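Hello,

Here is the structure I promised to pass on to you. Have a look at it first, and then read my notes below with the model open beside you.

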Amino acid sequence: MENLISMRDLSKEETLDILKNAENIEKGRSLPNLQGKLAALLFFEPSTRTQFSFDTAMKRMNGNTIIMSGSKHTSQQKGETFADTLKTIAQYSDIIIIRSPIEGSARFAAEVVDIPVVNAGDGSNQHPTQALLDLYSIKKTQGTLENLKIGLAGDLRFGRTVHSLAQALSNFNVEFEFISPSFLQMPKNIKEDLLDKNISFEESTEIEGNINDLDILYVTRIQKERFADPEDFEKVKNSYVLKKNMLDDVKNNFRIMHPLPRVNEIDTEVDNTKYAYYFTQAKNGVFTRQSIISMLLGEV
Ligand code: CP
């Protein structure tokens, strides 16, 4: 593994290695030492969890970070190309972690620099480190990644987290329930990938009536920033609000996940139920990102 750009690039074995390494780190059986190593965090879109968990991950391994938040204070304002910015940052750092609203930007970065590149989210396309921490979280809550029924709800069209997660889970024997307004259905290419791998899925438009046989419900925000036409957003913005009284008949092992940030799609009264897992899920992001960075830097 030289870079981490898309879940499509990772085999099942590589995926399981990353999860095993993360577990060893969480349980204190392994602590990679990245003293003297420096990660460049280039974030051209807002972030709470991804940026801070990568920063935390580096520092917990004795490494350090340099952070670029947008291009406003860089020489791109003076006409420098994105490629030249990347080539320059690569002179100062050992690994580049990049988030951008432009699909394909992480792949482009990997082509122009000769240090590892990690995709921390590129537009509506992919968010592979989120998918890996999601797998890690599912395995922790269910004890396995096999024979599970997983519901993905919300913005399945523009949601990069659900694109990456569906592809990541397609290496395992799972069943999907896709819950979204028809305008925000899972893209055809992802559904075709699943069918190629004999992974079954159903599509519905309502949460109620579709969660009682699930092991995991993965809720996502309807992302205003991805809509070209604000009127389309207005039509679907309040499509779902998961409330406590909707959880009366769910399975005992049922857990609710969300990549966060949340707006209103999970009522805060759900936070105090045993089913809510989204903040622990965010914590799992540190172990998973420690695992990814240390493996890419050959420091396991
Ligand atoms: N899950 C996630 O990507 O969150 P941030 O946008 O806050 O990084």
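**The largest pocket**

Let us begin with the open space in this predicted model. The residues of the largest pocket's lining fall into four nonpolar, 10 polar and eight charged ones. That lining is made of 22 residues, and those nearest the centre of the pocket are Arg99, Arg160, Arg221, Leu260 and Pro261. The space in the largest pocket comes to about 400 Å³. Two helices, α2 (49–60) and α6 (160–169), each contribute at least two residues to this lining.

Why does the largest pocket lie between domain 1 and domain 2? Domain 1 covers 7–126 + 285–296 and domain 2 covers 128–282, and both give residues to the lining, so the pocket lies between them.

**Helix α6 and its surroundings**

Now turn to α6, one of the helices that supply the pocket lining. Is α6 largely enclosed or left open? Because 10 of its 10 residues are buried, α6 is largely enclosed by the rest of the structure. If you would like to click through them, the buried residues of α6 are Arg160, Thr161, Val162, His163, Ser164, Leu165, Ala166, Gln167, Ala168 and Leu169. Arg160 also appears among the residues nearest the centre of the largest pocket.

**Three strands side by side**

Next, find strand β3 (residues 95–100). Six of the six residues of β3 are buried, so the rest of the structure largely encloses this strand. Its side chains alternate: Ile95, Ile97 and Arg99 point one way, Ile96, Ile98 and Ser100 point the other way, and all are buried. You have met Arg99 already, as one of the residues nearest the centre of the largest pocket.

Which strands pair with β3? One is β1 (residues 38–43), which runs parallel to β3 and is joined to it by five bridges. Here Ile96 in β3 is the bridge partner of Ala40. Another is β4, which also runs parallel to β3 and is joined to it by four bridges. On that side, Ile96 stands opposite Val117 in β4, and the β4 bridge partner of Ile97 is Val118.

Strand β4 (residues 117–122) is mostly covered as well, with six of its six residues buried. Follow the chain from β3 through helix α4 (residues 105–112) to β4 and you trace a right-handed β-α-β unit.

**The loop between β9 and α9**

This loop, between β9 (255–257) and α9 (278–296), holds Pro261. The peptide bond joining Leu260 and Pro261 is cis, with omega about 5°. Leu260 sits in the loop between β9 and α9 too, and its phi is positive, about 60°, although Leu260 is not a glycine. Is Leu260 buried or exposed? It counts as buried because its relative accessibility is 11%, and the cut-off for buried is under 20%.

Further along, Thr273 and Lys274 belong to the loop between β9 and α9. Thr273 is buried, with a relative accessible area of 15%, whereas Lys274 is partly exposed at 45%. From C-alpha to C-alpha, Lys274 and Asn252 are 9.2 Å apart in space and 22 residues apart in sequence. For Thr273 and Arg49, the figures are 22 Å in space and 224 residues in sequence.

**A second positive phi**

Compare Leu260 with Asn198, which lies in the loop between α7 (188–196) and β7 (200–204). The phi of Asn198 is near 60°, again a positive value in a residue other than glycine. Asn198 counts as exposed because its relative accessibility is 71%.

**The closed cavity**

Finally, how many cavities of 30 Å³ or more are there? The count comes to one, and the largest cavity holds about 50 Å³ of space. The elements giving two or more residues to its lining are α5 (128–142) and α9, and α9 gives the most, with four residues. The lining is formed by Arg49, Gln130, Leu133, His258, Pro259, Leu260, Tyr278, Gln281, Ala282 and Arg289. These residues divide into five nonpolar, three polar and two charged. Leu260 is worth finding again, since Leu260 lines this cavity and also lies among the residues nearest the centre of the largest pocket.

Enjoy exploring!

Best wishes

Methods
Residues numbered from 1 in each chain as written. Predicted model: local features only at pLDDT ≥ 70, side-chain atom pairs only at ≥ 80, totals over all residues. Heavy atoms only, no water. 1 Å grid on protein atoms, 1.4 Å probe; cavity = no way out; pocket = protein on both sides within 12 Å on 5 of 7 lines; lining within 4 Å. Points joined across faces, edges and corners; volume = space filled by probe spheres on them. Nonpolar A, V, L, I, M, F, W, Y, C, P; charged D, E, K, R; others polar. Domains from an automatic or database assignment. Buried < 20%, exposed > 50% of the residue type's maximum accessible area, 1.4 Å probe, protein only. Pairing = 2+ DSSP bridges. Right-handed = clockwise from strand over helix to strand, strands pointing away.
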